[in-house]
Amino acid sequence: QLRLVESGGGLVQPGDSLSLSCVLSGVTFDNYAIGWFRQAPGKEREAVSCISSVVSRLDDTDYGDSVRDRFTISKDAGKNTVYLQMHSLKPEDTGVYYCAAERRRYNPCRLSQSDYDYWGQGTQVTVSS
């Protein structure tokens with residue numbers, strides 16, 4: 001059974017950095033593209049970043065406009081883990097961060113939520129002084 005578990009959230013100050021982790025278990029990690037999404041209070045969930053599957057060998061990543069140049073997504077296939085490194089955090093980055101998985105072996109990852117079939121429970125990130 002596929003399972004996604006996020007960790008690493010917390011309370012930080014504006015300008016700080018934070019790293020989130022997403023562990024995928026129960027399936028072959030190499031076959032899945034992983035996306036990060038977030039939802040702020042009172043707002044719709046939005047795309048943050050995605051990374052293509054190991055099998056694709058694309059090393060393809062994509063980012064939402066609001067986080068491009070501040071966030072970096074990466075993966076460690078040996079640990080079945082995808083990381084989201086967040087720098088220069090702003091109060092508007094506050095929200096629940098979810099990782100999601102799509103079985104997508106040979107094509108670039110996608111930032112559309114509807115393409116992802118499996119979701120984690122989320123981890124809270126709060127940026128406040």
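## Overall fold

What pattern does the chain follow, read along the sequence? The answer is β-β-β-β-β-β-β-β-β-β-β. The chain has 11 strands and 0 helices. The model is a predicted one.

The radius of gyration is 14 Å, and the globule rule also gives 14 Å for 129 residues, so the chain is as compact as a globular protein of that length. Along the principal axes, the C-alpha atoms fill a box of roughly 40 × 30 × 25 Å. Of the 129 residues, 42% are buried. Contacts often span long stretches of sequence: among those between residues at least 6 apart, 61% join residues at least 24 apart.

## Nonpolar cores

The largest nonpolar core holds 26 residues. Ile34, Trp36, Phe71, Leu84, Met86 and Tyr97 have the most contacts inside this core. Seven elements are listed as giving two or more residues to the core: E3 (18–25), E4, E5 (46–51), E7 (71–76), E8 (81–86), E9 (95–103) and E11 (123–127). Strand E3 gives the largest share, 4 residues. Another core lies apart from this one. That second core has 6 residues, including Ala33, Cys50, Cys109 and Tyr116.

Phe71 deserves a separate look. Leaving out residues up to four places away in sequence, Phe71 touches Arg38, Val48, Tyr63, Leu84, Gln85, Met86, His87, Leu89, Asp93 and Tyr97. Three of these partners, Leu84, Met86 and Tyr97, also appear among the core residues with the most contacts.

## The cavity

How many cavities of 30 Å³ or more does a search of the whole structure find? The search finds 1. The volume of the largest cavity is about 30 Å³.

The lining consists of Phe29, Tyr32, Ala33, Ile34, Ile51, Ser52, Ser53, Val54, Lys75 and Val82. By class, 7 of these residues are nonpolar, 2 are polar and 1 is charged. Strand E4 (residues 32–39) gives the largest share of the lining, 3 residues. The lining also draws on residues named in the cores. Ile34 lines the cavity and is one of the residues with the most contacts in the largest core. Ala33 lines the cavity too, but Ala33 belongs to the 6-residue core.

## Asn31 and Ser53

Two loop residues meet here. Asn31 sits in the loop between E3 and E4. Ser53 sits in the loop between E5 and E6 (61–63). Are they buried or exposed? Asn31 has a relative accessible area of 10%, which is under the 20% cut-off, so Asn31 is buried. Ser53 is buried as well, at 0% relative accessibility.

Beyond the residues up to four places away in sequence, Asn31 touches Ser53, Val55, Glu102, Arg103, Arg104 and Arg105. On the same terms, Ser53 touches Asp30, Asn31, Tyr32, Ala33, Lys75, Arg104 and Arg105. Arg104 and Arg105 thus appear in both sets of contacts. Among the partners of Ser53 are Tyr32, Ala33 and Lys75; these three line the largest cavity, as does Ser53. Asn31 also shows how the chain brings distant stretches together. Asn31 and Ala101 are 70 residues apart in sequence, yet their C-alpha atoms are 9.7 Å apart in space.

## Positive phi in two loops

Which loops hold Asn80 and Ser88? Asn80 lies in the loop between E7 and E8. Ser88 lies in the loop between E8 and E9.

The phi angle of Asn80 is near 50°, a positive value in a residue other than glycine. Phi of Ser88 is likewise near 50°, and Ser88 is also a residue other than glycine. Asn80 is partly exposed, with a relative accessible area of 26%. Ser88 counts as partly exposed too, at 41% relative accessibility.

Conventions. Residues numbered from 1 in each chain as written. Predicted model: local features only at pLDDT ≥ 70, side-chain atom pairs only at ≥ 80, totals over all residues. Heavy atoms only, no water. 1 Å grid on protein atoms, 1.4 Å probe; cavity = no way out; pocket = protein on both sides within 12 Å on 5 of 7 lines; lining within 4 Å. Points joined across faces, edges and corners; volume = space filled by probe spheres on them. Nonpolar A, V, L, I, M, F, W, Y, C, P; charged D, E, K, R; others polar. Core = buried A, V, L, I, M, F, W, Y, C linked by side-chain atoms within 4.5 Å. Buried < 20%, exposed > 50% of the residue type's maximum accessible area, 1.4 Å probe, protein only. Contact = heavy atoms within 4.5 Å. Rg over C-alpha atoms; globule rule 2.2 N^0.38 Å.
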